[in-house]
Amino acid sequence: MFTSGAFVGKRIPLSPKGQFTVGFDYEMIPGLLWYVDYKRVGGYFIVNDFRNRDPGEYYGVLNSKLSWLFSEGWRFYLMGKNLLNEKYSAHSGRRGSFGA
């Protein structure tokens, strides 16, 4: 939130009002670990929207990772991000939004 200047009281663009991540991990067998998390982001304004007129879309992303400890100090990872193919832009904007 801007505390002084022309945009006092307005939120900083691309700074979400709220976000959370929830996840869990499960050791399937000794050395084999499965991890899943879900991240939800929302309540932000697009690039250069210092007047807070163009809110960005809420979005959620599901990620997963499988890891295997195959020798002391060595771990192999297989990761998948955005497994539900959510369409989002973490840096959305529109041309000319400043001063519109």
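**Reading exposure, rings and strands**

Me: Why does Phe 2 count as partly exposed?

Reply: In this predicted model, Phe 2 has a relative accessibility of 22%. Buried would require a value under 20% and exposed a value over 50%, and because 22% lies in between, Phe 2 counts as partly exposed.

Me: What makes Phe 7 count as buried?

Reply: The relative accessibility of Phe 7 is 17%, and because this value is under 20%, Phe 7 falls in the buried class. Across the protein chain, which has 100 residues, buried residues make up 25%.

Me: How many aromatic pairs does a search of the whole structure find, and why is the pair of Phe 2 and Phe 7 called tilted?

Reply: The search of the whole structure gives six aromatic pairs. In the pair of Phe 2 and Phe 7 the ring centres are 6.0 Å apart and the planes stand at 50 degrees. A distance of 6.0 Å is within the 6.5 Å that a pair requires, and because 50 degrees is neither under 30 degrees, as for stacked rings, nor over 60, as for edge-to-face rings, the pair is tilted. Ring pairs also join Phe 2 and Phe 7 with Phe 50 in a cluster.

Me: How do you know that Phe 20 and Tyr 38 form an aromatic pair, and what does this pair tie together?

Reply: The centres of the rings of Phe 20 and Tyr 38 are 6.5 Å apart, with 55 degrees between the planes; the distance is within the limit of 6.5 Å, and the angle belongs to the tilted class because it is neither under 30 nor over 60 degrees. Phe 20 belongs to strand S1 and Tyr 38 to strand S2, so the pair ties together parts that are 18 residues apart in sequence. Phe 20 has a relative accessible area of 46% and Tyr 38 has 28%, so each of them counts as partly exposed, with a value between 20% and 50%.

Me: What is the pattern of the protein chain, read along the sequence?

Reply: The pattern is β-β-β-β, with four strands and zero helices in the protein chain.

Me: Which residues form a nonpolar patch on the surface, and which elements give two or more residues to the patch?

Reply: The patch is formed by Phe 24, Tyr 26, Met 28, Ile 29, Trp 34, Leu 66, Trp 68, Phe 70, Trp 74, Phe 76 and Leu 78, with about 1,200 Å² of accessible area together. Two or more residues come from each of strand S1 (18-29), strand S3 (59-71) and strand S4 (74-80), and the largest share, four residues, is given by S1.

Me: What makes Trp 34 partly exposed, whereas Pro 30 is placed in which class?

Reply: Trp 34, in strand S2 (residues 32-42), has a relative accessible area of 34%, and is partly exposed because this value lies between 20% and 50%. Pro 30, in the loop between S1 and S2, has a relative accessible area of 75%, which is over 50%, and therefore counts as exposed. Pro 30 and Trp 68 are 38 residues apart in sequence, with their C-alpha atoms 8.9 Å apart in space.

Me: Why is Leu 62 called partly exposed, and which residues does Leu 62 touch?

Reply: Leu 62, found in strand S3, has a relative accessibility of 23%, so the value lies between 20% and 50% and Leu 62 counts as partly exposed. Leaving aside residues up to four places away in sequence, Leu 62 touches Val 36, Asp 37, Tyr 38, Lys 81, Asn 82, Leu 83 and Leu 84. Leu 62 and Val 22 are 40 residues apart in sequence, and 9.8 Å separates their C-alpha atoms.

Me: What is the phi of Asn 52, and is Asn 52 buried or exposed?

Reply: Asn 52 is not a glycine, yet has a positive phi of about 60 degrees. Most residues other than glycine have a negative phi. Asn 52 lies in the loop between S2 and S3, and its relative accessible area of 17% is under 20%, so Asn 52 is buried. Asn 85, in the segment after S4, also has a positive phi, of about 55 degrees, although it is not a glycine.

Me: What pLDDT does the protein chain average?

Reply: The average is 85, and 89% of the residues score at least 70. Over residues 96-100 the pLDDT is below 50.

Definitions and conventions: Residues numbered from 1 in each chain as written. Predicted model: local features only at pLDDT ≥ 70, side-chain atom pairs only at ≥ 80, totals over all residues. Heavy atoms only, no water. pLDDT = per-residue confidence, 0-100. Contact = heavy atoms within 4.5 Å. Patch = residues over 30% accessible without salt bridge, like charges linked within 9 Å, V, L, I, M, F, W, Y side chains within 5 Å. Areas by Shrake-Rupley, 256 points an atom, 1.4 Å probe, with all protein chains shown as cover. Salt bridge = Lys/Arg side-chain N within 4 Å of Asp/Glu carboxyl O. Buried < 20%, exposed > 50% of the residue type's maximum accessible area, 1.4 Å probe, protein only.
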